[in-house]
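Please consider the following model together with its sequence. The account below proceeds through its sheets and its charged side-chain pairs.

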Amino acid sequence: MEAAEGAGGPGGPGGPGVPFGCASFNQDSTSLAVGTKGGFKLFSLTSVEQLDCIHESETPDVYIVERLFSSSLVVVVSANTPQRMNIFHFKKGTEICNYSYPNKILAVRLNRQRLVVCLEESIYIHNIKDMKLLKTLLNTPPNPSGLCALSISHSSSYLAYPGSAAVGEIIVFDANSLSSVMVVPAHDTPIAALCFNAATTKLASASERGTVIRVFSIPEGQRLYEFRRGMKRYVSISSLSFSPDAQYLCASSNTETVHIFKLEQQSPSAAEESATWSSYVGKMFSAASSYLPAPVSGMMSQDRAFATVHLLTSGQRNVCTLTTIRKQPRLLVATADGQMFIYSIDPQEGGECVLLHKHRLFGADDSSEGADGERSEVTETPSYAATVASPASAPNTDLLTGYSEDGGVRSGEVIPEHELAAGPVCLDDENEFPPVSISKC
């Protein structure tokens with residue numbers, strides 16, 4: 001899956017008195033990256049009961065941190081130099097390269113082929129293997145939040161971003177062929193959230209109203225599903241995420257409720273089932289909707305949440321993902337007050353999800369609590385920063401510095417080929433890390 005937006009939003013802490021800048025899950029939700037005023041941390045998500053901090057850096061005021069799958073490549077942007085992106089090899093504790101841009105960096109997205117940098121009115125597409133600038137999309141519609149989504153399947157690199165600042169249009173761009181694919185008229189109001197599924201066959205979107213979530217086919221752009229989050233109030237949806245099999249879609253917002261929708265397709269046998277009271281009522285509503293105004297009929301045809309989670313607080317930004325931990329479906333929610341909650345999901349019945357564990361993401365007293373509220377101290381394990389590498393050094397001005405308008409690559413290190421492999425990277429095996437070669441202009 002695509003990395004989700006930071007819980008605290010670009011350039012600021014997550015809440016009063018909390019030195020929290022951002023949180024993002026990696027592309028397949030096996031890792032969580034957290035940026036704070038004091039640095040950033042990487043966590044491995046292999047257990048419900050314990051979060052393993054696999055790396056910690058003292059890079060100050062981090063508001064963007066993105067990890068490439070399970071590799072040791074991590075992209076960092078600090079509020080001290082908001083126009084510069086740094087790419088680190090965190091296992092070695094070295095900087096691979098850095099690039100600077102004309103304005104503040106609002107978002108970074110990456111997969112095994114491309115690295116995309118989003119500014120407010122422009123987007124830069126790099127070849128991730130050597131960081132060559134392949135394409136610059138200038139004069140894009142104003143995008144102050146840096147909203148964009150990049151597909152993660154090995155066979156495609158679709159980029160989605162807002163096509164208008166006034167209405168909910170989505171531009172889908174092929175980052176491999178560097179050509180436009182289509183414009184999707186998704187909503188009446190501007191887009192607030194976007195995400196692709198892992199196979200890049202679906203694109204989910206939500207508007208600034210936050211009441212309706214729609215799913216479109218890729219690359220056709222046909223509307224497949226429409227879900228209603230609520231009708232009573234407008235909300236700010238901060239993240240969308242498909243499950244690995246694209247059967248479920250979760251949405252979190254600035255309210256206390258996280259919604260999970262089920263993407264069901266009616267089988268031919270279901271259509272031939274004998275009439276029941278519920279199906280009869282459903283047919284009545286369907287028939288009646290054709291005689292009602294479009295907004296009313298639309299509400300009647302929209303599906304509601306299959307499962308929900310009610311957080312302890314509301315009004316703060318959070319980010320969610322659906323993943324599998326030890327072969328069980330789990331919902332993970334990282335909140336702007338520096339906590340992560342793990343819930344179980346009933347894939348058959350849905351309903352209210354059960355809280356399994358909650359973890360603190362930063363602080364000297366890192367700890368976790370079980371569902372019963374009992375606090376258990378997390379066992380200290382040496383991080384990569386302590387056992388393998390020293391904290392990342394200041395950017396080397398001899399590396400990739402400055403953006404190139406002609407698209408040429410500057411002198412610097414080439415990203416190791418093994419980091420772009422389709423399979424997982426074994427971080428404990430030194431044979432996985434051959435010497436890095438130097439790129440020539």
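**Sheets and salt bridges**

At 13% relative accessibility, Glu 226 counts as buried. This residue belongs to a predicted model, and it offers an entry into the charged pairs of the structure. The side chain of Glu 226 meets that of Arg 223 in a salt bridge, with an N to O distance of 2.7 Å. Arg 223, in contrast to its buried partner, is partly exposed at 44% relative accessibility. The pair does not stand alone, for Arg 214, Arg 223 and Glu 226 are linked in a network of salt bridges.

In total, the structure holds four salt bridges. Side chains of opposite charge can pair when their charged atoms come close. Another of these pairs joins Glu 264 to Lys 262, where the closest N and O atoms are 3.8 Å apart. Here Glu 264 is exposed, at 56% relative accessibility, while Lys 262 is partly exposed, with a relative accessible area of 23%.

A further salt bridge leads into the strands. The side chains of Glu 66 and Arg 109 meet at 3.5 Å, N to O. Because Glu 66 lies in strand β5 (residues 62-67) and Arg 109 in strand β9 (residues 107-110), the pair ties together parts that are 43 residues apart in sequence. The two side chains are also joined by a polar contact of 3.5 Å. Both partners are buried: Glu 66 has a relative accessible area of 4%, and Arg 109 has one of 6%.

Strand β5, which carries Glu 66, also takes part in a sheet. Where does β5 stand in the order of that open sheet of four strands? The order is β5-β6-β7-β8, and the pairing is antiparallel. The edge strands are therefore β5 and β8 (94-100), each of which pairs on one side only. From one strand to the next, the twist averages 20°. Within this sheet, β5 and strand β6 (residues 73-78) pair in the antiparallel sense over five bridges. One position that illustrates the pairing is Ile 64, which stands opposite Val 77 in β6.

A second open sheet is built from five strands, in the order β21-β22-β23-β24-β28. Its pairing is mixed. Strands of a sheet pair through backbone hydrogen bonds, either parallel or antiparallel. Strands β21 (237-242) and β28 (351-352) stand at the edges of the five-stranded sheet; each has a single partner strand, so one side of each is left without a neighbour in the sheet. The partner relation at the β28 end can be described in detail: two bridges join strand β24 (residues 307-310) to β28, and these strands run parallel. Across this pairing, Thr 308 stands opposite Glu 352 in β28.

The final stop is Lys 358. Is this residue buried or exposed? Lys 358 is buried, with a relative accessible area of 19%, which falls under the 20% limit for that class. Its place is in strand β29 (residues 354-360). Lys 358 also illustrates how positions separated in sequence are arranged in space: Ala 334 is 24 residues away along the sequence, and the two C-alpha atoms are 9.6 Å apart.

Methods
Residues are numbered from 1 along each chain as its sequence is written. This is a predicted model: local features need pLDDT of at least 70, side-chain atom pairs count only at pLDDT 80 or more; totals for chains, interfaces and linings use all residues. Side-chain values use heavy atoms; hydrogens and water are left out. Buried means under 20% relative accessible area, exposed over 50%, partly exposed in between (1.4 Å probe, protein chains only). Two strands pair if DSSP finds at least two bridges between them. Axes are lines fitted to C-alpha atoms, for helices over the stretch in contact, and angles run from 0 to 180 degrees between N-to-C directions. A polar contact is a pair of N or O atoms within 3.5 Å; within protein, one must be able to donate a hydrogen and the other to accept it, and residues adjacent in sequence count only if both atoms are side-chain atoms.
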